[in-house]
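Hello,

Below is the structure I said I would pass on. My notes on what was found in it follow.

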Amino acid sequence: NGGWPWFKSMPDDRYITQHIVCGFGHLAKLEVLNLKEDSKTWNMVRDAIAYIDNRMREDYENLKKYNINSEAHLMTINPGKYISQLKKKGFNKIIFHYEAIKEEEKINNLIKKIKSDNMKAIIAINPLTNIDNIIKFFDRIDGVLLMGVYPGKEHQRFISKVYQKIRILRKISKNLKIQVD
């Protein structure tokens with residue numbers, strides 16, 4: 001079926017299959033291995049990718065059965081272009097980054113677009129961003145997401161200064177939903 005098990009005589013597993021396929025991808029990127037030259041290896045990887053696709057599709061279909069609050073964390077320059085599509089997919093909360101937009105008018109327009117699709121708007125800020133930059137949006141947003149690490153870097157320690165931001169936000173608003181990532 002294209003899936004690999006963790007060990008012999010165990011059932012196939014999506015996680016380990018993804019891990020192995022990823023390893024092949026790294027070897028190909030480093031030009032250590034040309035996957036398409038060896039038809040046996042290529043067929044094995046192709047079947048594994050089809051297996052992963054099928055397991056993901058099954059998981060997605062299973063999730064659709066439940067009324068789940070789904071959020072999309074958009075770490076992108078133009079989050080507005082994804083709002084309608086995400087609504088159609090069942091998302092009901094959109095997190096966007098202040099640093100990706102910064103302009104007050106554009107942020108207000110994005111919040112309006114999110115709200116017009118009956119979704120919650122959450123504004124995220126990076127650890128170095130001053131809270132004063134987002135206070136003006138508090139009456140229109142449903143919450144704030146404080147990044148506890150610098151986006152895009154792995155294996156970071158939590159930045160303890162974020163605790164102070166939580167205290168400041170709570171003093172400003174007792175009802176504001178605060179999330180930490």
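Helices here are DSSP runs of H or I with at least four residues, and they are numbered from the N terminus. On that basis, Lys102 sits in the loop that lies between helix 4 (98–101) and helix 5 (104–116). Please keep in mind that this is a predicted model.

Backbone, positive phi

Lys102 is not a glycine, yet its phi is positive, near 65°. Its relative accessible area is 52%. Since exposed means over 50%, Lys102 counts as exposed.

Asn118 is another residue other than glycine with a positive phi, in this case near 55°. Asn118 belongs to the loop between helix 5 and strand 5. With a relative accessible area of 65%, Asn118 is exposed too.

Sheet

There is an open sheet of 5 strands, paired in parallel, and the strand order is 3-4-5-6-7. Strand 3 (71–74) and strand 7 (177–180) are at the edges; each has a single partner strand, so one side of each has no neighbour in the sheet. On average, neighbouring strands of this sheet are turned by 20° against each other, with direction ignored.

Within the sheet, strand 5 (residues 120–125) and strand 6 (residues 143–146) run parallel and are joined by 4 bridges. Which residue of strand 6 is the bridge partner of Ile125? The partner is Leu146.

Regards

Key:
Residues are numbered from 1 along each chain as its sequence is written. This is a predicted model: local features need pLDDT of at least 70, side-chain atom pairs count only at pLDDT 80 or more; totals for chains, interfaces and linings use all residues. Side-chain values use heavy atoms; hydrogens and water are left out. Two strands pair if DSSP finds at least two bridges between them. Helices (H or I, at least four residues) and strands (E, at least two) are DSSP runs, numbered from the N terminus. Axes are lines fitted to C-alpha atoms, for helices over the stretch in contact, and angles run from 0 to 180 degrees between N-to-C directions. Buried means under 20% relative accessible area, exposed over 50%, partly exposed in between (1.4 Å probe, protein chains only).
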